[in-house]
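Let us walk through this model together, from the overall chain to the contacts between its side chains. Keep the 3D view open as you read.

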Amino acid sequence: MARPRYTLPMDSSRSTTAVSEFIGQPVSTWSEEWRIEPETWTLLKMSKAERDAFFNGRKDEDGKTIDRT
């Protein structure tokens, strides 16, 4: 018999807003804007070569894609 999974209730006293570095204003940490902000910063930190490999995959010496089919 499966044991019931216990989840803690959400603590409503915790703040669900944070200041966006892009717009400098509070945004909900449950929003789409907040979800994509760290992803955007990660992409901005990458070099052009790293971004190209991330989006297009790497190629071997024959020009064949290594990472993606």
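Of the chain's 69 residues, 9% count as buried, where buried means under 20% relative accessible area, exposed means over 50% and partly exposed lies in between (1.4 Å probe, protein chains only). The accessible surface of the chain comes to about 6600 Å², and 55% of that belongs to carbon and sulfur atoms; such areas come from the Shrake-Rupley method with a 1.4 Å probe, and for residues only the protein chains shown count as cover.

Before going further, a word on how to read all this. This is a predicted model in which local features need pLDDT of at least 70 and side-chain atom pairs count only at pLDDT 80 or more, while totals for chains, interfaces and linings use all residues. Residues are numbered from 1 along each chain as its sequence is written, and side-chain values use heavy atoms, with hydrogens and water left out.

The predictor's confidence in each residue, pLDDT, runs from 0 to 100. Its mean over the chain is 80, and 77% of the residues reach 70 or more. Confidence is lowest in S1, at a mean of 88, and highest in S2, at 90. Where pLDDT is low, the predicted coordinates should not be read in detail.

Now for the fold itself. The chain has two helices and two strands, and from the N terminus on, the elements run β-β-α-α. Here helices (H or I, at least four residues) and strands (E, at least two) are DSSP runs, numbered from the N terminus. Take the contacts between residues at least 6 apart in sequence: 0% of them join residues at least 24 apart, with contact meaning heavy atoms within 4.5 Å.

How many aromatic pairs does the model hold? The count comes to two, using rings of Phe, Tyr and Trp (its six-membered ring) whose centres lie within 6.5 Å; planes under 30 degrees apart are stacked, over 60 edge-to-face, and the rest tilted. One of the pairs is Phe 22 with Trp 41, which is stacked at 4.8 Å centre to centre with 0° between the planes. Phe 22 sits in the loop between strand S1 (17-19) and strand S2 (26-28), while Trp 41 belongs to helix H1 (residues 32-45), so this pair ties together parts that are 19 residues apart in sequence. Both rings keep some access to solvent probes: Phe 22 is partly exposed at 42% relative accessibility, and Trp 41 is partly exposed at 31%. The other pair, Phe 54 and Phe 55, is edge-to-face, with 5.0 Å centre to centre and 80° between the planes. Phe 54 is partly exposed at 43%, as is Phe 55 at 47%.

Phe 22 and Trp 41 turn up again at the surface. Together with Ile 23 and Leu 44, they make a nonpolar patch of about 400 Å². Patches are built from residues with over 30% relative accessible area and no salt bridge, joining like charges within 9 Å and nonpolar side chains (Val, Leu, Ile, Met, Phe, Trp, Tyr) within 5 Å.

Charged side chains come next. The structure holds three salt bridges, each being a side-chain nitrogen of Lys or Arg within 4 Å of a carboxyl oxygen of Asp or Glu. In helix H1, Glu 32 and Arg 35 are three residues apart, so about one helical turn separates them, and their side chains meet at 2.5 Å, N to O. Arg 35 also bridges to Glu 39, at 2.9 Å, N to O; these two are four residues apart in helix H1, again about one helical turn. Glu 32 is partly exposed at 46%, Arg 35 at 42% and Glu 39 at 42%.

Helix H2 (residues 48-56) carries a bridge too: Asp 52 and Lys 48 are four residues apart there, which means about one helical turn lies between them. Their side chains meet at 3.1 Å, N to O. Which of the two partners is exposed and which partly exposed? Lys 48 is exposed, at 55%, whereas Asp 52 is partly exposed, at 34%. Looking back to helix H1, salt bridges that share partners join Glu 32, Arg 35 and Glu 39 into one network.
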